[in-house]
Amino acid sequence: MNVLVYTGNGTTTDSIKHTLYSLRTLLSPYYAVIGVDSKVLLNEPWQSKTALLVFPGGADLPFCRQFNGEGNQKFSKFVRQGGKYLGLCAGGYYASARCEFEVGNKELEVSGPRELKFFPGIARGTAFGGFQYKSEAGARSTILDVDEEKLPGCGRTVYNYYNGGGVFVDADQFSNVEVLATYRDHVCVDFGSGKAAAAVVGCSVGKGYAILTGTHPEYTHLLMKKSDSVPDFERVISELRTKENERLAFLRSLLHKLGLKVNDDSLAQPTLTPLHLTSLYPEKLQQLVKSLETNIGYTNGLLKCTADRFRLTLSAENLQKLDQDFQVPEEAIKQLVVHINSLPDRKDTPFFNLESYYNHLKRFWTRYNHPMGDFGSTLIYGEVLTSTSSLMDKNANLLRLLPHGFTITGTTQVSGKGRGGNVWINPPGVLAVSTVMKLPTSYSERAPIVFIQYLATLAYIEAILRYDESGLYSTIPLRIKWPNDIYILKPEFVEDVSKIPHGEAAYVKVGGILLNTNIFDEQYHMVAGCGLNVNNAAPTTSVNSVISAINEVRAKKGLTGIPPVEMEVVLAGFLYHLERMFNEFKTSGFSPFLDLYYRRWLHTGQIVHIQHQNNIRAKITGITEDWGMLIAQEVDSENNLTGARFELQPDGNSFDMFNGLISKKN
């Protein structure tokens, strides 16, 4: 499920940064926390895949201009049908029945009714004086008194960042509203007849629930910087720093109140660790480093790529401790350790055995009597990195210099990327890997690049089903969901699929593929980003969890168990199968793989409704061999073909498989 954070007109860069950071810290890996603009919220079918809609701080008038009418009707329907809404500061004003902001102040006044009305009264501000747009002049650390019965587990008081928020007038007078926290300090606006000014309220709205705040529980001192123009702001940062654990506990309680599954740990995003560059071919690695130094060069001792800065060192012993304040991971300097003639010490890569990986990669090629390939023969590994894909795809001047088959993998991604812009913290247990694949543009007719995502999905599944020569792994119930997701049968249904309750999805997602493409010198430079949940049972299940369930069934039959799969072996197998498939694909297209693809996917004969074609019923019969489009043929009420045929693009349609719904993306 997704948590959507609005990032369009009306929001501020700081509010977006703090909101995404805090929500990803507390909600990963259970939800993908995604920034979205108005086009997505107005045109995409986001509701069925969304657990929470968030409007962060900024100014609410642009929200109104963007969403009054159709947009607000969608938001209201989403919540009333069981969805959840979180409005932070401006998002709280916006979701009240009326906004009264700095009434009487000719320069700042904003006053008028609002359409959502999740809080049926007035949001009135500012609670404290001194507010200025785009400034910290009126900012402060404010104390809230928390209702512990309604928000258990977070303590009686919490310090929150405040800058321009309001109070919820007469909040205790509305039957659908509960006051979750109040301001302790005296506020400078009329807050009604209650004993204290309501700072955070929870509102029952139909079957759903909304929480609106006047403060910023999402703001963390880690992302704040002192201001020369506002000297006292350093004191605000210092005070919030000492109360960070209480803030996290309070925000965690609010998310629990919204019905979300939240991390138990109070840990911030993991800190980036050094990236280790290794290769089976020392001479090629030396040539690569020389090419980077020659073509990109150093600026103040750093390789300055399009999006990232790298500090190269030829030994882990020479690593410099970077003297820098906390930074958003994408902005931080990355340490790149080049290992020319040896692999890193195992103490430097405790979660991934590079020697084992390279041995298995060589074993796969010799096992099938083929000369050693390129994919994964030169590899970067990082215990904690931003995104295996973005490190290459967002750095164009780096990408064009990387050799065919260059690969990056990591144990934890703090900015993992998915289809449709999904971003999340990728936890240990998920095998994340991205590989550079090069193809002349002249090959596009016989080898359309749309099929690369299909090949990568197949390669991941083959890496599991053909894990070793025993044949034991061939029964693992992994399947493809068109076009590029990997699903597995839930562990509870492994023993007997007849026990699947009517209407319940039997398969859950454990992996997926994202392909990004650039063109340099009449050649496609594709970055295939792939992820597979090997060991981590959250948020759905994992390959090894299903193997464990299979072993329980085997034990009842007196059979020996299947050993769990190892990351290093799966990665080596994936890269082997992907390169073998890619080499054949270049000359023969996707046709040689169609039969295997159909054996591995979930959809043959599935009946769906095509929403943008008057919701007609259709049967899925395959994919086209030229451009990989999904073939759906119309059927009548008795499932007989009518003769009408539809070809649906993989990147132009959203496939809600278990509800049998295909909808068009805009």
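# Exercises on helix packing, cores and backbone

Helices α9 and α14 are oblique to each other. The model is predicted.

**Exercise 1.** Explain why α9 and α14 are classed as they are, and describe their contact.

*Solution.*
- Step 1: place the elements. Helix α9 covers residues 354-367, and helix α14 covers residues 567-588.
- Step 2: take the geometry. Two packed helices are described by the angle between their axes and the distance between the axes. Here the angle is about 40 degrees, and the axes of α9 and α14 are 8 Å apart.
- Step 3: apply the cut-offs. Angles under 35 degrees count as roughly parallel, and the range 65 to 115 as roughly perpendicular. About 40 degrees fits neither class, so the pair α9 and α14 is oblique.
- Step 4: give the hand. α9 and α14 cross in a right-handed sense.
- Step 5: list the partners. From α9, the contact residues include Tyr357, Leu361, Phe364 and Trp365. From α14, they include Val569, Leu571, Leu575 and Tyr576.
- Step 6: sort by class. The contact of α9 with α14 holds nine nonpolar, three polar and four charged residues.

**Exercise 2.** Work out how α12 packs on α14.

*Solution.*
- Step 1: α12 spans residues 452-465. Its angle to α14 is about 140 degrees, and the axes are 8 Å apart.
- Step 2: roughly antiparallel needs over 145 degrees. The class for α12 and α14 is therefore oblique.
- Step 3: the crossing of α12 and α14 is right-handed.
- Step 4: α12 brings residues such as Leu455, Ala459, Tyr460 and Ala463 to the contact. Among those from α14 are Phe574, Leu578, Phe582 and Phe585.
- Step 5: in the contact of α12 with α14, 14 residues are nonpolar, two are polar and one is charged.

**Exercise 3.** Which residues touch the most other members of the largest nonpolar core, and which helix gives the core its largest share?

*Solution.*
- Step 1: the core has 80 residues. Tyr460, Phe574, Phe590 and Ile623 touch the most other members.
- Step 2: the largest share comes from α14, with 12 residues.
- Step 3: look at Phe574. Leaving out residues up to four places away in sequence, Phe574 touches Val433, Ala456, Ala459, Tyr460, Ala463 and Cys530.
- Step 4: a separate core of 43 residues lies apart from the largest one. Tyr31, Leu88, Ala181 and Ile211 are among its members.

**Exercise 4.** Is Val338 buried or exposed, and how far is it from Ile380?

*Solution.*
- Step 1: Val338 sits in strand β18, residues 334-338.
- Step 2: buried requires under 20% relative accessible area. Val338 has 1%, so Val338 is buried.
- Step 3: Val338 and Ile380 are 42 residues apart in sequence. Their C-alpha atoms are 9.1 Å apart.

**Exercise 5.** Find the unusual backbone values at Thr126, Pro483, Asp170 and Asp521.

*Solution.*
- Step 1: recall the background. Most residues other than glycine have a negative phi, and most peptide bonds are trans.
- Step 2: check omega. The bond between Gly125 and Thr126 is cis, at about 5 degrees. The bond from Trp482 to Pro483 is also cis, with omega near 0 degrees.
- Step 3: locate them. Thr126 is in the loop between β7 and β8. Pro483 is in the loop between β23 and β24.
- Step 4: check phi. Asp170 has a positive phi near 55 degrees. Asp521 has a positive phi near 55 degrees too.
- Step 5: place these residues. Asp170, in the loop between β10 and β11, is partly exposed at 25% relative accessibility. Asp521, in the loop between β25 and β26, is exposed at 68%.

Terms used:
Residues are numbered from 1 along each chain as its sequence is written. This is a predicted model: local features need pLDDT of at least 70, side-chain atom pairs count only at pLDDT 80 or more; totals for chains, interfaces and linings use all residues. Side-chain values use heavy atoms; hydrogens and water are left out. A nonpolar core is a set of buried Ala, Val, Leu, Ile, Met, Phe, Trp, Tyr and Cys residues joined through side-chain atoms within 4.5 Å. Buried means under 20% relative accessible area, exposed over 50%, partly exposed in between (1.4 Å probe, protein chains only). Helices (H or I, at least four residues) and strands (E, at least two) are DSSP runs, numbered from the N terminus. Contact means heavy atoms within 4.5 Å. Axes are lines fitted to C-alpha atoms, for helices over the stretch in contact, and angles run from 0 to 180 degrees between N-to-C directions. A crossing is left-handed if the near helix is turned anticlockwise from the far one by less than a right angle, and right-handed if clockwise. Ala, Val, Leu, Ile, Met, Phe, Trp, Tyr, Cys and Pro count as nonpolar, Asp, Glu, Lys and Arg as charged, and the others, Gly among them, as polar.
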